[in-house]
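These are my notebook entries from a session spent reading one structure. I set down each point as I looked it up.

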Amino acid sequence: DVNVAVLQLANLEMSPRMERMLVGCLCNLSCPKNNQGRLVEEGCVRVIARIIDALQPTPEAKPEGRALDTLRLCAKTLSNLSGCSRSRSKMTGQRVIPVLLKMAATDDEDMKQECAMAITRLAMDVSCCEKIIQQGAISAIVAMARSGFEDVATGRMCAAALRQLCIAGQEHELIEKTVLTDAVKALVNLISKDAPTNQVCAQTLCTLFQQPSAVDGMIKLGALDAVVKLAATGA
């Protein structure tokens, strides 16, 4: 009943302060695992997407103040909802990926982390993975990797997302040449002094090297240099 009541409030005209409170309520409601699936079924993803479109009409937009706080809560809510394995295909069917990719293009570290986490979780569902890759998830992770991070946690989230996408893509022959190019470049950029990030990058390279048809291309793209760089870090 609380889910329905809060979601119905989204149809009312609201001030920025009330809108933030509404998203805060949805974020709190999305925390309990046994409630995540219900929220998705009742239209929470569409409500959050509509609010994001209003506050961030383009990826280049730079919201500030209360609008930025609301967008962070939106990203956290989508990340929470993606934790429900039964709802991932429904979220993908509701076009959540373009919404996540738009938020991932911002300069805000908190939003990047939550978007990377959501993409990682959605990619765990085989039925979602093809759509996620086709809609540009790997390219979004690459863009985040190239932009650099102030927080090592963001790099870890991006590395985890890339690993999951590459594992699923490799198993189901979704890794095409252009996608592979982006993935290798992102891995090279993600290698740092952070041991957990480097470990995930190494695992991802191992996964990609298991695809025989991709080995020559990976070597040309600098994958061997990345392996040497990883070995030098002592991770």
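**Entry 1: H4 and H5**

In which hand does H4 pass H5? I found that H4 crosses H5 in a left-handed manner. I note here that the model is a predicted one.

Two packed helices are described by the angle between their axes and the distance between the axes. I therefore looked up both values for this pair: helix H4 (residues 44–55) and H5 pack at about 150°, and their axes are 10 Å apart. Angles over 145 degrees count as roughly antiparallel, and H4 and H5 are therefore roughly antiparallel to each other.

I then listed the residues that meet. On the H4 side they are Cys44, Val45, Ile48, Ile51, Ile52 and Leu55, and on the H5 side Ala67, Thr70, Leu71, Cys74, Thr77, Leu78 and Leu81. By class, this contact of H4 with H5 has eleven nonpolar residues, two polar and no charged.

**Entry 2: H2 and H5**

I turned next to helix H2 (residues 16–29) and helix H5 (residues 65–81), whose axes come within 9 Å and cross at roughly 20°. Angles under 35 degrees count as roughly parallel, and H2 and H5 are therefore roughly parallel to each other. I recorded the crossing of H2 and H5 as left-handed.

From H2, the residues Pro16, Arg17, Glu19, Arg20, Val23, Gly24, Leu26 and Cys27 take part in the contact; from H5, Arg66, Asp69, Thr70, Leu73, Cys74, Lys76, Thr77 and Asn80 do so. I sorted the residues of the contact of H2 with H5 into six nonpolar, four polar and six charged.

**Entry 3: Leu22**

Leu22 belongs to helix H2. Is Leu22 buried or exposed? Its relative accessible area is 6%, and since buried means under 20%, I entered Leu22 as buried.

Setting aside neighbours within four places in sequence, I found Leu22 in contact with Val6, Leu9, Ala10, Met14 and Ile51. I also looked up Leu22 and Leu73: they are 51 residues apart along the chain, with 9.9 Å between their C-alpha atoms.

**Entry 4: Ile119**

I located Ile119 in helix H8 (residues 109–122). Ile119 is buried, and its relative accessible area is 0%. Apart from neighbours within four places in sequence, its contacts are Leu100, Leu101, Ile132, Ala137, Ile141, Ala161 and Leu165. Ile119 and Ala104 are separated by 15 residues in sequence and by 10 Å from C-alpha to C-alpha.

**Entry 5: two loop residues**

Ser87 lies in the loop between H5 and helix H6 (88–93). I found Ser87 buried, at a relative accessible area of 2%. Neighbours within four places in sequence aside, Ser87 is in contact with Gln36, Gly37 and Val40.

Arg95 is placed in the loop between H6 and helix H7 (96–104). Most residues other than glycine have a negative phi. I noted that the phi of Arg95 is near 60°, which is a positive value in a residue other than glycine.

**Entry 6: the span of H13**

How many Å should the 15 residues of helix H13 span? At 1.5 Å a residue, I expected 21 Å for residues 195–209; the end C-alpha atoms are 21 Å apart, which agrees. I closed by listing the buried residues of H13: Thr197, Asn198, Val200, Cys201, Thr204, Leu205, Thr207 and Leu208. An α-helix has 3.6 residues a turn, so residues three or four places apart point the same way.

Methods. Residues numbered from 1 in each chain as written. Predicted model: local features only at pLDDT ≥ 70, side-chain atom pairs only at ≥ 80, totals over all residues. Heavy atoms only, no water. Helix = DSSP H or I, 4+ residues; strand = E, 2+ residues; numbered from the N terminus. Expected span 1.5 Å × (residues − 1). Buried < 20%, exposed > 50% of the residue type's maximum accessible area, 1.4 Å probe, protein only. Axes fitted to C-alpha atoms, helices over the stretch in contact; angles between N-to-C directions. Parallel < 35°, antiparallel > 145°, perpendicular 65-115°, else oblique. Left-handed = near helix turned anticlockwise from the far one by under 90°. Contact = heavy atoms within 4.5 Å. Nonpolar A, V, L, I, M, F, W, Y, C, P; charged D, E, K, R; others polar.
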